[in-house]
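These are my notes on the model shown below. They take the helices in turn and then a few single residues.

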Amino acid sequence: MKLAVTAREGRMDAPLDPRFGRAPYFMVVDTATGAFSAVDNSINLNAAQGAGIQSGKRVVDLGAAGVVTGHVGPKAFSTLRAGGVEVYTGACGTVAEAVEQFKAGKLTKLEAADVESHWS
């Protein structure tokens, strides 16, 4: 499965970023092979508005089937779900640890946004 993990830096040992729309990076990881790449999200990091929607579109365009993050707002959640992307929360630690938590079935699959719009 292709998974996008919100990260503070573009490395597997970087801390997970709890903010979906304003995460500096998405680490895109193939959970079957372990292959990964860092995708810069700085364009949305400082966006005045619409960061969640634009980040959601970006993840859909990357072909991810799932996102691991701390929190996701309603507009971003709708964008992701419309693109067929599942959202998982409850991870902690580094990107690599979050991927292992996902593979072990320890994360919560969201059925709705877990924060209001403009959460920071």
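1. Gln-101 makes contacts with Gly-90, Ala-91, Cys-92, Lys-106 and Leu-107, residues up to four places away in sequence being left out; contact means heavy atoms within 4.5 Å. Gln-101 is part of helix 4 and counts as buried, with a relative accessibility of 16%. Buried stands for under 20% relative accessible area, exposed for over 50%, and partly exposed for what lies in between (1.4 Å probe, protein chains only).

2. On the basis of these notes: this is a predicted model, in which local features need pLDDT of at least 70 and side-chain atom pairs count only at pLDDT 80 or more, while totals for chains, interfaces and linings use all residues. Residues are numbered from 1 along each chain as its sequence is written, and side-chain values use heavy atoms, with hydrogens and water left out. Helices (H or I, at least four residues) and strands (E, at least two) are DSSP runs, numbered from the N terminus.

3. Which residues of helix 4 are buried? In this helix, residues 95-103, they are Val-95, Ala-98, Val-99, Gln-101 and Phe-102. These buried residues cover an arc of only 160 degrees around the axis, which puts them on the same side of helix 4; the arc is that of the directions from the helix axis to the C-beta atoms. An α-helix has 3.6 residues a turn, so residues three or four places apart point the same way. The cover over the buried residues of helix 4 includes strand 1, strand 2, strand 4 and strand 5. Gly-105, which follows helix 4, has a positive phi near 75 degrees.

4. Ala-96 also belongs to helix 4, but is partly exposed, with a relative accessible area of 31%. Between Ala-96 and Thr-79 there are 25 Å in space, C-alpha to C-alpha, for a separation of 17 residues in sequence. Arg-22 sits in the loop between strand 1 (2-7) and strand 2 (25-30) and is partly exposed, at a relative accessible area of 27%. Arg-22 and Ala-96 are 74 residues apart along the chain, and their C-alpha atoms are separated by 20 Å.

5. How do helix 2 and helix 3 meet, and at what angle do they cross? The axes of helix 2 (residues 51-61) and helix 3 (residues 74-82) come within 8 Å and cross at roughly 20 degrees. Axes are lines fitted to C-alpha atoms, for helices over the stretch in contact, and angles run from 0 to 180 degrees between N-to-C directions. The two helices are therefore roughly parallel to each other, a label given to angles under 35 degrees. The crossing of helix 2 with helix 3 is right-handed, the term for a near helix turned clockwise from the far one by less than a right angle.

6. On the helix 2 side, this contact is made by Gly-52, Ile-53, Gly-56, Lys-57, Val-59 and Val-60; on the helix 3 side, by Lys-75, Ala-76, Thr-79 and Leu-80. Of the residues in the contact, five are nonpolar, three polar and two charged. In this scheme Ala, Val, Leu, Ile, Met, Phe, Trp, Tyr, Cys and Pro count as nonpolar, Asp, Glu, Lys and Arg as charged, and the others, Gly among them, as polar.

7. Helix 3 has Ala-76, Phe-77, Thr-79 and Leu-80 as its buried residues. Viewed down the axis, they fall within an arc of 165 degrees, so they line one face of helix 3. They pack against helix 2, strand 4 (66-68) and strand 5 (86-89). Lys-75 and Ala-82, on the other side of helix 3, are exposed. Gly-84, just after helix 3, takes a positive phi of about 80 degrees.

8. In helix 2 the buried residues are Ala-51, Ser-55, Gly-56 and Val-59. Their arc, seen down the axis of helix 2, is within 130 degrees, so they line one face of the helix. Gly-63, just after helix 2, has a positive phi of about 80 degrees.

9. Two other residues of helix 2 are worth a look. Val-60 lies in helix 2 and is partly exposed at 27% relative accessibility. Neighbours within four places in sequence aside, Val-60 is in contact with Thr-79, Leu-80, Gly-83 and Val-85. Arg-58, found in helix 2, is partly exposed with a relative accessible area of 30%. With its neighbours within four places in sequence left aside, Arg-58 is in contact with Val-39, Asp-40, Asn-41 and Ile-43.

Methods: Parallel < 35°, antiparallel > 145°, perpendicular 65-115°, else oblique.
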